[in-house]
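Subject: Structure handover

Hello,

I am passing on the structure we talked about. Please open it alongside this message and go through the notes below.

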Amino acid sequence: MIQNDMSRRRLLGLGLGLGAAASLTLAGCGGGDDDGASGPAAGNGGKEYTGPKVDLKLWNGFTGGDGEIFKTLVNQFNTEHQNIAVSVATYQWEDYYNKLPGAASSGNGPDIAVMHMDQLATFAARGVISELDDVAKNLELSEGDFAPTVWKGGLYNNKRYGIPLDMHPLGFYYNKSVMEKAGLDPNKPPTTKDDFTAALVELKKSGVQGFWVSPFQFTGGMTFYSLLNQWGGTLFDADVAKATFNSDPAVEACTWFVDMIKQGHSPANVGQDAEYLAFKSGKNAFTWNGIWQINDLKKSPEVQWGVAPLPQIGSKPAAWANSHNFTIVKQRANNANKVSAAKVFINWLSQHSLDWAKGGQIPARKDVREGAEFKALPEISALAPELDYAAFPPAAPGLGEVITTFYNSFNEAALGKKTPKQALDDGVAKANKQLEDNRKKYGS
Amino acid sequence: MADVIEVGAARDDAPPSAAKAPRRGATAGRTGRATPYLFLAPYLILFGVFGLLPIILGVWLSVHQWDFQLPNRPFVGLDNYKQLFSSDSAVFGDWWQSVRATAIFTLLSVPLLVVVPLGLALLLNRSFPGRTFFRAVYFAPYVLGVAVIGLLWRFLLDANLGLVNRLLGVVGLPSDTPWVTNMPWAWISLVGVTVWWTSGFNAVIYLAGLQDISPELYEAARMDGASAWQRFRNVTLPGLRPVLLFVITTTVLASANMFGQSFLITQGTPGTETRTVVWFIVEEGLRNNNAGRAAAMSLVFALMLVVVSIANFRLFRYKED
């Protein structure tokens, strides 16, 4: 979601490490395990590239351990394709999104750019990236090869701008030893509202505040975003013309979450990352956090933990999610060879996204996701069912600041500065003006 | 003053070396009036490219709706400025909120950042064993980057897990103070951290100033029976006046430009109450791609700082009279 968000988080993560880093540091397992299946890649649907040798520049923001895995994959691609040389440049997401438009318009940009789904509309509207409908057609990629949620997320104005690589949703982490101490079954994490509430009550009896409410986007805001969708609410109306996050379901969802504090299941004034640090040190039992924490938790063998899809608290399942997409950057001089080589690369990497999954992401591609090898990554694949109901951000340009407004309103509610209703009403009033400005600017 | 004049006079009187004189004359003749400008050129070029040009460009941007990536960047006249002052625009609330945050931070931090380092410098100017060590200790935080101190204090000040509340609890004080998430604690934390972080720098400047004050003046004052306070008031303070002016002016500007601390420690919370002007300008211009509006904000903000700086100078000139 949120350009600010993701990037701010990432900035923090990079600069500052620790909990924050986790989002970035999708680190973990080294790559390089290609299970001998090298080479099937550029075959059939992929439209091999047979032209003269081309150099492709690729930019991404994978600065954590995921960056290493990505580079390993690119190296493998390069050795398998004599006439394509892909070179990778990695920037912090924050810098990356600031730098890309300027570089592209001055002719120094990359050929391929990795981009979060929520950025696609803005960059498409600003003319930085190209339409990819023909790429998808050439590669014979269609909705059936992906999950519909993530495939549709690559569209803006009914045109495709991104080929999804993966998705990273929010997951439900539970601390097994804390659950055990409270007499709960550590292998049966709650899945419904009643289970969840009952578990919190048990935890409270054993002196544990089970579910901390972080007022910050990471991760309280993302939790609220998931809840709002579970209650049937939306951030915006269908045309993204009006903000709707003060609807009754939204206020109910917010109230339910913020009331955790009143009911003694969360302390007030939880700091950035405190809910996650508390989870790791056994001070709380449950936290809703990104899939990127899996590899971080694996580095702490002393923590007994599990991860499952988010419990369904509202009337339907939903989970905050975002997705990395491949895009092709518009060039001043069109080079058809480069474009076709880029297609081969995108297709190849998409087919090899199992290795990418080991970096802590759910592959967007269905055949990879349904393969036995992906299922052998228990934590990551545990969250795969969320793809069906992932709440991706809507595709409209310039939404970053509006979604920041949304998160700031939640912040005021979570810190008790305003009632949920008041905070969300104020936020919507401001968001509507921002949407109005965006409409004027992007003429949508 | 007398010193300066003497030195200058001495230079003028010094006979030019016979060997050099004709050559100098020849050069001057050839380059003529260009010489001073040639000497000034490096500075003028730098100032032009990095000072003047951006200002002109900023004015140009501020009258357009400017996104360098969009094909049309319509001229909007004073619209960007009007938005800052009309309460029904999207940016009005955030803008004045950030001005308010910046003003609060400046008013709270500047007095402390002027007085605390002065006290520190007076102490460190005395001779006592370990003086160098303490000088280093007080200066040390300043060398750390804002990212480091930001992260450090965010964790130390965390309401539920932080060391600060833990220690307060141990000595029987309230241990649930929301240092970084609620008012007025967030301001107290930001000001406190900034004083801890940057006092060393001002202290070093004061120290240099103190060492420039002639010991004879103190000796004379002592002979006249002046008390410590009288010596401070009548010798130290007047001696430090130019240094004070420098410290106050730069500190006001530095505080008004605060960004990193609130970005990292409080993250603007609660709501956006600690989001400062510079942060908001960065957000508007670089993140939200509203460069025109951000330029208008920068210019209005710069104007505010000019007014404050002039007031500063006036104040000091008045004192000197």
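What follows is a short account of what was found, starting with chain B and moving on to empty spaces and backbone details.

Please keep in mind that this is a predicted model.

Chain B

Chain B is built with 14 helices and zero strands, so every entry in its order of elements, read from the N terminus, is α. It holds 321 residues, of which 41% are buried. Among the contacts in chain B with a separation of 6 or more, 64% are between residues 24 or more positions apart. The exposed area of chain B is about 18,200 Å², and 70% of that comes from carbon and sulfur atoms.

An unreviewed UniProt entry gives the feature "domain: ABC transmembrane type-1" for residues 99-312 of chain B. In the model, that stretch is 75% helix and 0% strand. The C-alpha atoms at its two ends are 19 Å apart.

The largest pocket

The volume of the largest pocket is about 790 Å³. Its lining has 35 residues, and those closest to its centre are Ala238(A), Val240(A), Pro393(A), Pro394(A) and Ala395(A). Four elements of chain A each give at least two residues to this lining: α7 (148-152), α10 (217-230), β13 (390-391) and α20 (420-442). The largest share, four residues, is that of α20(A). Sorted by class, the lining of the largest pocket has 21 nonpolar, nine polar and five charged residues.

Cavities

The count of cavities of 30 Å³ or more is six. The second largest cavity holds about 100 Å³ of space. It is lined by 15 residues from both chains, and the closest to its centre are Thr405(A), Gln434(A), Asp94(B), Arg275(B) and Phe280(B). Elements that supply two or more residues to this lining are α19 (399-414) and α20 of chain A, along with α13 (277-287) of chain B. With four residues, α19(A) makes the largest contribution to the lining of the second largest cavity. By class, this lining has three nonpolar, five polar and seven charged residues.

Backbone details

Two peptide bonds deserve a look on the screen. The bond from Phe218(A) to Thr219(A) is cis, with omega near 5°, and Thr219(A) is part of helix α10 of chain A. That helix is also among the elements lining the largest pocket. In chain B, the bond between Thr269(B) and Pro270(B) is cis, with omega about -10°. Pro270(B) sits in the loop between α12 (260-266) and α13 of chain B.

Two asparagines are also listed here for their phi values. Asn158(A) has a positive phi, near 65°, although it is not glycine. It is found in the loop between β4 (155-156) and β5 (159-160) of chain A. Asn289(B) likewise has a positive phi without being glycine, with a value near 60°. Its place is the loop between α13 and α14 (291-320) of chain B.

Which of these two asparagines is buried and which is exposed? Asn158(A) has a relative accessible area of 72%, so it counts as exposed, the cut-off being over 50%. Asn289(B) has a relative accessible area of 12%, so it counts as buried, the cut-off being under 20%.

Regards

Key:
Residues numbered from 1 in each chain as written. Chains lettered and ligands numbered in written order. Predicted model: local features only at pLDDT ≥ 70, side-chain atom pairs only at ≥ 80, totals over all residues. Heavy atoms only, no water. Buried < 20%, exposed > 50% of the residue type's maximum accessible area, 1.4 Å probe, protein only. Contact = heavy atoms within 4.5 Å. Areas by Shrake-Rupley, 256 points an atom, 1.4 Å probe, with all protein chains shown as cover. 1 Å grid on protein atoms, 1.4 Å probe; cavity = no way out; pocket = protein on both sides within 12 Å on 5 of 7 lines; lining within 4 Å. Points joined across faces, edges and corners; volume = space filled by probe spheres on them. Nonpolar A, V, L, I, M, F, W, Y, C, P; charged D, E, K, R; others polar. UniProt positions renumbered as here; feature names shortened; annotations may be inferred.
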